[in-house]
Amino acid sequence: MKRPPTWTTVGIIAAVALPIVVIMYNRSSTASGKAEDTRTVALSCTTEAAAKYHYHATLSVYINDEQQTIPANTGVRTTCMNPIHTHDATGLVHIESPVERDFTLGDFFAVWDEPFNSSQILNKTIDATHRVRMTVNGQASTEFENLVLADDQEIVIYYEEIP
C-alpha cells in the first residue's frame, strides 16, 4: 500500500520546482518582450560589481541661461546604487546596469526625482513666453524624456524665453 506524500516531501518538491518555474518564466518573458520596463530597472538597487553594461552620457540643464547643477551621487546610496546615477556634479550620467536595456532620459529624471518632459523641466513649466528645448550632440531633439541614452551623448536641456 502506497503512503500519501508528507508535507516535508511536498515542501522539498516545491522548493526545487519553484526556482525552475521562475527561471523559465523570466526567460520566456524576456524573449517575448514582457520583461521589466526600463523605469522599474532604473529604480532598482544594484552594485558596481553587478554591472555588465557601463557607459556614460553628459547632461546639462539651463534655466533662463543659468546652468543648473546635476547633483553628485544622484541614485547612489550607502549600500547600493541605481543603474543610472551620478558620482559628481559635472553632469556625467553613469549607466551601469546588470541587464542590457535601453534606458531613457526620463529614467534618469525618475531616479533624480525631478520632472522632465516637453512642457516641464525641474520646477519650470512652459507658458506663453517660455519653452523647453533640447539638443543631443548639438542637434535639436524632440525626444525629451523618451530619448534613449547612449555612450558619449551630450544632452543639453534649455528652459528659455521664446525668441
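Let me start with L59, which, once its neighbours within four places in sequence are set aside, is in contact with I70, G91, V93, L105, F108, F109, I155 and I157. Please keep in mind that this is a predicted model.

L59 also belongs to a wider group, since the largest nonpolar core has 29 residues, and L59 is listed with L105, F109, I121 and I157 as those having the most contacts inside it. As for where that core comes from, at least two of its residues are supplied by each of α2 (38-42), β1 (53-63), β4, α3, β8 (130-136) and β10 (153-161). As a general background remark, nonpolar side chains in soluble globular proteins tend to be buried together.

Turning to α3, how many of its eight residues are buried? Seven of them are, and the helix is accordingly described as mostly covered; the buried ones are L105, G106, D107, F108, F109, V111 and W112. Just after α3 comes D113, for which the model gives a positive phi, near 65°.

Now to the loop that leads into this helix, between β4 (92-97) and α3 (105-112), where P98 has its place. Is P98 buried, partly exposed or exposed? P98 counts as partly exposed, because its relative accessibility is 27%, and the range for that class lies between 20% and 50%. Apart from neighbours within four places in sequence, P98 is in contact with T46, A50, A51, K52, Y53 and P83. Of these, A50 deserves a word, as it lies 48 residues from P98 along the chain, while the C-alpha atoms of the two are separated by 5.4 Å.

Technical notes
Residues numbered from 1 in each chain as written. Predicted model: local features only at pLDDT ≥ 70, side-chain atom pairs only at ≥ 80, totals over all residues. Heavy atoms only, no water. Helix = DSSP H or I, 4+ residues; strand = E, 2+ residues; numbered from the N terminus. Buried < 20%, exposed > 50% of the residue type's maximum accessible area, 1.4 Å probe, protein only. Contact = heavy atoms within 4.5 Å. Core = buried A, V, L, I, M, F, W, Y, C linked by side-chain atoms within 4.5 Å.
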